[in-house]
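Reader: I am new to this structure and should like to be guided through it by questions. Please explain the reasoning behind each reply.

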Amino acid sequence: MSREKGLLFFGTAFRLVAIDPKEMRIAVKDGKVPPIPARKSVNYLDSGLPHCAGYAVHGSKVYMMGGHWMRKEALDDQTKIPNVESPADGEAVINSNVYFADLTTKSMQFEFSPICKMNAPKNKPKVMEIKGKLYVLSNFSHLPESYDTPTFEVYDPKTNRAKALPEPPFFPPDFDVQFDDDDGHAVNKWFSVRGKKIYVMAENLYYSYKVETKRWRMSVTYAWTIESFRWGLLLPGYHDVLLKFHKKGASAYLIYDGNEIWMQQDFELEEEAEKAMIEGNIYLKWHKGKFVEMGKLKVGAIVPGGDMDNNLVVFIFTFVVSKVDRPIHRPLPRVRRPYTEADASLYSYSFYPYFESKFLSVTCLNMGIYNLGPRPSFEEDAIVTAFFAKGL
């Protein structure tokens, strides 16, 4: 399979990084993890930009939409994070700006510039491109401004204007009922795009928005697909295979009859990568990683972690998959050992299923382990966004 040209983007709470997957290497030496060979990057705090924004690539530009600001003195105190204002212009904590950065410039930094405003601020918005336009949907948040109307808009890069769209039926008009449990957690939603439809799961109900008619309705189409986004990625090219991170690694699941798990196949850590982890004293937080669609049968994965010096470390790998002709699914010849606290130790990467399963052939293309520098906050150890842009 050809390794087409493109850039892999990933973001943490405080930075956005773009890397060419073909340039990735394992190069841990004498216990030192090399810096990431980023094509472009940006630190939100140092650049005066909001974090928790939504992203999309259109043409040779990357767009950043919404988010909120955070002051450096609030980094280690979670209670202070919502209680800040923009250091730039005194706006409310939630941001309504649309920014863009040109990917063709020679600068190693993303040079984001505000180009217009949406009709309402949006924190952690989901941005979906359909036919050259960017659809922006408010995401769950503890901040009331996140639900200012319109909560759903479309931005047209050609006209540089954002227009309000019909309000989704799953946002209650009264913010006080946005929380669905005693801990004050906001209503969770998961999103998917299929053709010219946007599918959303909210409060265990399924909705769809048809771009052509501009109408929302309750939907059962692709219901299990949308629900799977709670805990995995539907493998591009197949409609019955899910990829999922868990605390001890990553697995693929074969779905039977639309909603039942039939087989589970665990990813095995490459020997070269495992040796590098040990040499660099690196631990991984698999469950805080992200899978990225890179093509029909091609996937990227970004897994955060750290080292003994409190640096943020990322393990990135790309791979292609195909189904095997004769799947294996049989009980293991040994008894599954019980889970112990030792399983969460520094070098425990394996996950033991009840059955030996193999229904996919997985071929690793490239992988790399990189040091992104000191973590500024407790929020820095998760990958919050990831996407791939072809042809760059």
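Reader: In which strand is the place of D156?

Author: The model discussed here is predicted. Its residue D156 belongs to a strand that covers residues 152–156. That strand is β10.

Reader: Which side chain of opposite charge is nearest to D156, and how far away is it?

Author: D156 is buried yet takes part in no salt bridge. A salt bridge requires a nitrogen and a carboxyl oxygen within 4 Å, and the nearest side chain of opposite charge lies 4.2 Å from D156. The residue in question is K133, at 4.2 Å.

Reader: With which residues is D156 in contact, leaving aside its neighbours within four places in sequence?

Author: One of these residues has already been named as the nearest side chain of opposite charge to D156, namely K133. With sequence neighbours within four places set aside, D156 is in contact with K133 and R161.

Reader: Is K133 buried, partly exposed or exposed?

Author: K133 is found in strand β9, which comprises residues 133–137. Its relative accessible area is 37%. Buried means under 20% and exposed means over 50%, so K133, at 37%, is partly exposed.

Reader: Which residues form the positive surface patch?

Author: K133, found in strand β9, is one of the members of this patch. Another member, K214, is found in the loop between β14 and β15. The full patch is formed by K133, K158, R161, K163 and K214.

Reader: What is phi of K214?

Author: Most residues other than glycine have a negative phi. K214 is a residue other than glycine with a positive value. Its phi is near 55°.

Reader: Where is C52 placed, and what is its phi?

Author: C52 has its place in the loop between α1 (44–47) and β4 (54–58). Its relative accessible area is 21%, so C52 is partly exposed. Like K214, which has a positive phi, C52 has a positive value in a residue other than glycine. Phi of C52 is near 60°.

Reader: Which residues does the cis peptide bond join?

Author: Most peptide bonds are trans. In this bond, omega is about 0°. One partner, P150, lies in the loop between β9 and β10. The cis bond joins T149 and P150.

Reader: How many salt bridges does the count come to, and which residues are linked in a network of them?

Author: Within the network, D20 forms a salt bridge with K22, the closest N and O atoms being 3.4 Å apart. The side chains of D20 and R39 also meet in a salt bridge, at 3.2 Å from N to O. The count comes to 7 salt bridges, and the residues linked in the network are D20, K22, E23 and R39.

Reader: Is D20 buried or exposed?

Author: Its partner K22 has 33% relative accessibility and therefore counts as partly exposed. Its other partner, R39, is partly exposed too, with a relative accessible area of 35%. For D20, the relative accessibility is 7%, so this residue counts as buried.

Reader: How many residues apart are D240 and K323?

Author: The side chains of D240 and K323 meet in a salt bridge, at 2.9 Å from N to O. The pair links distant parts of the chain: D240 is in the loop between β16 (233–234) and β17 (241–246), K323 is in strand β23 (residues 311–331), and they are 83 residues apart.

Reader: Is W216 buried or exposed?

Author: W216 is found in strand β15, residues 215–218. Not counting residues up to four places away in sequence, W216 touches several residues, among them F152, P166, F170 and Y207. Its relative accessible area is 14%, so W216 is buried.

Reader: How far apart in space are W216 and K197?

Author: In sequence, these two residues are 19 residues apart. The distance in space is taken from C-alpha to C-alpha. For W216 and K197 it is 9.8 Å.

Reader: What percentage of the residues of the protein chain count as buried?

Author: The protein chain contains 3 helices and 25 strands. Its accessible surface comes to about 19,200 Å², of which 49% belongs to carbon and sulfur atoms. Of its 392 residues, the part that counts as buried is 51%.

Definitions and conventions. Residues numbered from 1 in each chain as written. Predicted model: local features only at pLDDT ≥ 70, side-chain atom pairs only at ≥ 80, totals over all residues. Heavy atoms only, no water. Helix = DSSP H or I, 4+ residues; strand = E, 2+ residues; numbered from the N terminus. Buried < 20%, exposed > 50% of the residue type's maximum accessible area, 1.4 Å probe, protein only. Lys, Arg positive; Asp, Glu negative; His and termini not counted. Contact = heavy atoms within 4.5 Å. Patch = residues over 30% accessible without salt bridge, like charges linked within 9 Å, V, L, I, M, F, W, Y side chains within 5 Å. Areas by Shrake-Rupley, 256 points an atom, 1.4 Å probe, with all protein chains shown as cover. Charge placed at Lys NZ, Arg CZ, Asp CG, Glu CD.
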